[in-house]
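I've got the model open and I'm jotting down what I look up as I go. Chains, sheets and burial are on the list.

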Amino acid sequence: MPPATTRRRLLLAASGVLLAPPARAATTPIVAAASVLQFALPEIADRFRRAGGPRIRLVFGSSGNFYRQILQGAPYALFLSADEDYVLRLAERRRAPDPGVIYAVGRIVLFAPKGSPLEVDAELDGLERALRRGEIRRFAIANPEHAPYGKRAEEALRHRRLWDLLRPRLVLGENVAQAAQFAVSGSAQGGILARALAAAPTLRDRGRYAPIPSRWHAPLRQRMVLLRPEDETARRFFAHLRSPDSADLLRRHGLDPPDRSG
Amino acid sequence: MADVTALEVELVQDGPIPLAARFACRTGELLALVGPSGSGKTTILRAVAGLYRPRHALVRCHGEVWTDSARGVHLPPQRRRAGLVFQDYALFPHLSAQGNVETALGHLPRPERPGRARELLRRVHLEGLEARRPHALSGGQKQRVALARALAREPRVLLLDEPFSAVDQVTRRRLQRQLVLLRQRLPVPTILVTHDLEEAARLADRICVLHHGRTLQTGPPSEILNRPISAQVARLVDLGNIFEGEVAGHRPEAGHTLLRWHGHLLEARLRREIAVGSRVAWVIPPGFVVMHRRDRPSRGERENPVRGRIEELVAFGETTNVTMLVDGAPAPTLHFTVSTHAARRNRLAPGVEVRVSLLAEGIHLMP
Amino acid sequence: MDWEALRLSLELALWTCLLLLPAGTLLARALRSLRPGPRRLIGALVALPLVLPPTVLGYYLLVLMGRASPLGGLYEKLTGGSLVFSFEGLVAASLVFNLPFAVQPLERAFAAIPRNLREAAAVSGLSPVAIFFRIELPLAWPGVLAAFALVFAHTLGEFGVVLMVGGAIPGETRTIAIAIYDRVQALDEAAAGIMSASLLAISFATIALVYLFEPGRRRDG
């Protein structure tokens, strides 16, 4: 048993080492984006780079998750939500300098992967039929708790009075991109996804989809906010996102431009 | 042998291991600690080495205080110069024999250590085996490495914990002889822990008998084996002939004390201080029991003649152990030895009547 | 193949090993010198990350290290950054969830050294530090290697806690395990497949190292 003095000295040395790992220089701003932008945003960022813009880092996830993280002090410079609510709440709680701007309006679609017995149509009649025939074992949507696209999916299903029927069959994705992944993997017979994802090249050949009437749910006005206006790169990217070029790109990916009232 | 006290030890505690030991060791002396297992011998050794702290302890070596619980002094083992040979050698398995010895040479400058280590190994007759790892050494060789390592520190006291118990008889004899030769050149006080009385008697200058951590008697082997101070000590050193008698009187002019025993009146060594009429335990070592030849009639003037019948004969090679039932009621049992040759010549067998003499100088009273 | 994520994972694993192995060794030795009662209690605490779901660990780590906590606040005051969502925070979290993987093999290795070897070393004049480096460590090194390999592999594979505490920030906290998850979500199966195979190969090689050495008897036993 070593004498007390030696032990104490060793302990001090150890704690000194523990406090000393080098700090990582984090100068490249981080953009937190709703996963619906999984395919659109990298393209926009690429254009930004080629136009001479500096490097940015993109992180995708559910809007609700990012909201929580920002409250906990996550170092994001820019937040692109899939709806308005989270951004407005951040502004309310003074975690965002302003309520930001609407950059797009989203749509949900009914999606059926290749080989599924589900017939897709805008009225969801095919879904109802398949449900009553017992052909739907699993149905994927994003988690309504913290993914705006999931919440809208729930609203639409409730409107069409299919929610209770479908509820036991639901597979909840952590965000709408994961829901898409479930829907495509073949283990679900269908799902409600973002149009921006269903229309993407990666998914287009893996199934069929039909847009769901937007009046069946609250609008998916997607808001973004510059959390660190002092960061020059972030400011430039924010401006780039509002350019007509970007709006064009978003539209091609299935995200409508903000309406006049936005 | 100088009579300078080199080591003083006093250890007292109630538990967890009871101790009430007090002894000293002189320069050049080999003191054997004997006692049954559990008598605390190893604990005492560890306390001297600094590996154990009894509640009340005083250990002084060549005047230097190693432990003094009264003053809160306890030198760690590193600061004492004690050489300890463990019962299972405790050699470092990842080092060679030379490496093992070198670990104890920290007091020498680094360049000198290999040479010194080799010299020590040579002294214990292990030259040529310096590079061997412990797993490639025999028991006797391991023991010698352990000894060399203990001696490497130029210890002021050498502590040996049952060093020969794990080897065969032949190796043991050889190691014992080497120890004796080594000590002739190194007058370091040595404490040897052993449960083997014979070994203690052969090697030790003095024996210290222990029981449950208590030192009962310390003295030269002859004293312990012939004049134990109590029946307990007599039993611990395996003296068989322990009896009880009554002091009948004293004859100072003849140098005798008279002892009444089972109808016999024996002449024992004079012990004037014992009151007449008191009951007393007494012992006679087997060597002081002399058998009368059966073919010659006994002469009455023989010392303390005693008659009886042979109960048991056990021959161990050249020596035969005899157990004899002495006439009297109840019949006490007497043990002695004769040469097997004499046993044959006298046609000894169980049931045969014999006569022995109990030599007065061997009858030792233990009041 | 997300090289940045792989590099992050390897760095995290190496830093964890570098910090945890000495700390774990000290803890393992300290545990051994305790009485059975306290030793078992602390042993159970150390073993907690083995049985707790990563989400529970992640939750409590967030509470302990978040901006609002004393620890997080102190860190921010000292360095200006936050512990959560940073690499340093991941290292801190990694030290916690890897504790049993380091301490248990180390403890076993040191416990296997007979007590009388340390005593013999002390009697031979070696200081406690010398005893540790010259006697205990050389005899315990298979255990140290096992601890290293386990911590390394386990850190490479850790997901839940890293996600909760780190936030999957590329170049900062998005380790390869998270990058794989990310690619699956993006339906980029090719990338996910390559990265998974790489992680499998590295983890297997690391664990094979443990099995190569742990049950083997040293030849000088």
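**Entry 1: one glutamate in chain B**

I looked up B:E244 and found it partly exposed, because it has 13 C-beta neighbours inside 10 Å. For my own bookkeeping, this is a predicted model. I needed the cut-offs here: 20 or more neighbours would make a residue buried, and 12 or fewer would make it exposed.

I then checked where B:E244 sits, and it belongs to strand β12 of chain B, residues 242-251. Skipping residues up to four places away in sequence, I get B:R279 and B:A281 as what B:E244 touches. I also took a distance to B:V4: the two are 240 residues apart along the chain, and their C-alpha atoms are separated by 40 Å.

**Entry 2: the two domains of chain B**

I noted the split of chain B as domain 1 (5-236) and domain 2 (242-366). Their centres, taken over C-alpha atoms, are separated by 39 Å. Which residues make the contact? I count 9 residues from domain 1 of chain B and 7 residues from domain 2 of chain B.

On the domain 1 side, α7 (221-226) and α8 (231-236) of chain B are the elements that give two or more residues. The most comes from α8(B), with 3 residues. By class, I wrote down 5 nonpolar, 2 polar and 2 charged residues for that domain 1 side.

**Entry 3: a five-stranded sheet in chain B**

Next I traced an open sheet of 5 strands in chain B, and its order reads β16-β20-β17-β18-β19 with antiparallel pairing. β16 and β19 (333-339) of chain B stand at the edges with a single partner strand each, so one side of each has no neighbour in the sheet. From one strand to the next, the twist averages 45°.

I went through some of the pairings in turn:

- β16(B), residues 289-291, is joined to β20(B) by 3 bridges, antiparallel; there B:M291 has B:V356 as its bridge partner.
- β17(B), residues 305-316, is joined to β20(B) by 5 bridges, also antiparallel; B:R309 has B:E353 as its bridge partner.
- β17(B) is joined to β18(B), residues 319-326, by 8 antiparallel bridges; B:F316 stands opposite B:T319.

Which side chains of β20(B) are buried? Along this strand (residues 353-358) the side chains alternate, with B:V354, B:V356 and B:L358 buried on one face. B:E353, B:R355 and B:S357 point to the other face and are not buried. So I can put the two residues from my bridge list on opposite faces of β20(B): B:V356 on the buried one, B:E353 on the other.

**Entry 4: the nonpolar core**

I looked up the largest nonpolar core, which has 241 residues. The members that touch the most others are A:L78, A:F79, A:V176, A:L193, B:A32 and B:V48. Helix α8 of chain C, residues 128-157, gives the most to this core, with 15 residues. A general reminder to myself: in soluble globular proteins, nonpolar side chains tend to be buried together.

I picked B:V48 for a closer look. Leaving aside neighbours within four places in sequence, B:V48 is in contact with B:V9, B:V59, B:A82, B:V157, B:L159 and B:I191.

**Entry 5: a covered helix in chain C**

How many residues of helix α10 of chain C are buried? I get 8 of its 10 residues (176-185), so the helix goes down as mostly covered. The buried ones are C:I176, C:A177, C:I178, C:A179, C:I180, C:D182, C:R183 and C:Q185. C:D182 and C:R183 are on that list, and I flagged both. After α10(C) comes C:L187, whose phi is positive, near 60°.

**Entry 6: chain A, and who touches whom**

I tallied 12 helices and 10 strands in chain A. Of the 262 residues in chain A, 47% are buried. Looking at contacts in chain A between residues at least 6 apart in sequence, I find that 76% join residues at least 24 apart.

Which chains touch? There are 2 pairs that do, and the most contacts are between chains A and C. For chains B and C, I have 19 residues of chain B in contact with 16 residues of chain C. The chain B side of that contact divides into 10 nonpolar, 6 polar and 3 charged residues. Chains A and B have no contact joining them, and their closest C-alpha atoms lie 10 Å apart.

Notes: Residues are numbered from 1 along each chain as its sequence is written. Chains are lettered from A and ligands numbered from 1 in the order in which they are written. This is a predicted model: local features need pLDDT of at least 70, side-chain atom pairs count only at pLDDT 80 or more; totals for chains, interfaces and linings use all residues. Helices (H or I, at least four residues) and strands (E, at least two) are DSSP runs, numbered from the N terminus. Ala, Val, Leu, Ile, Met, Phe, Trp, Tyr, Cys and Pro count as nonpolar, Asp, Glu, Lys and Arg as charged, and the others, Gly among them, as polar. Domain bounds come from an automatic or database domain assignment. Two strands pair if DSSP finds at least two bridges between them. Axes are lines fitted to C-alpha atoms, for helices over the stretch in contact, and angles run from 0 to 180 degrees between N-to-C directions. A nonpolar core is a set of buried Ala, Val, Leu, Ile, Met, Phe, Trp, Tyr and Cys residues joined through C-beta atoms within 7 Å.
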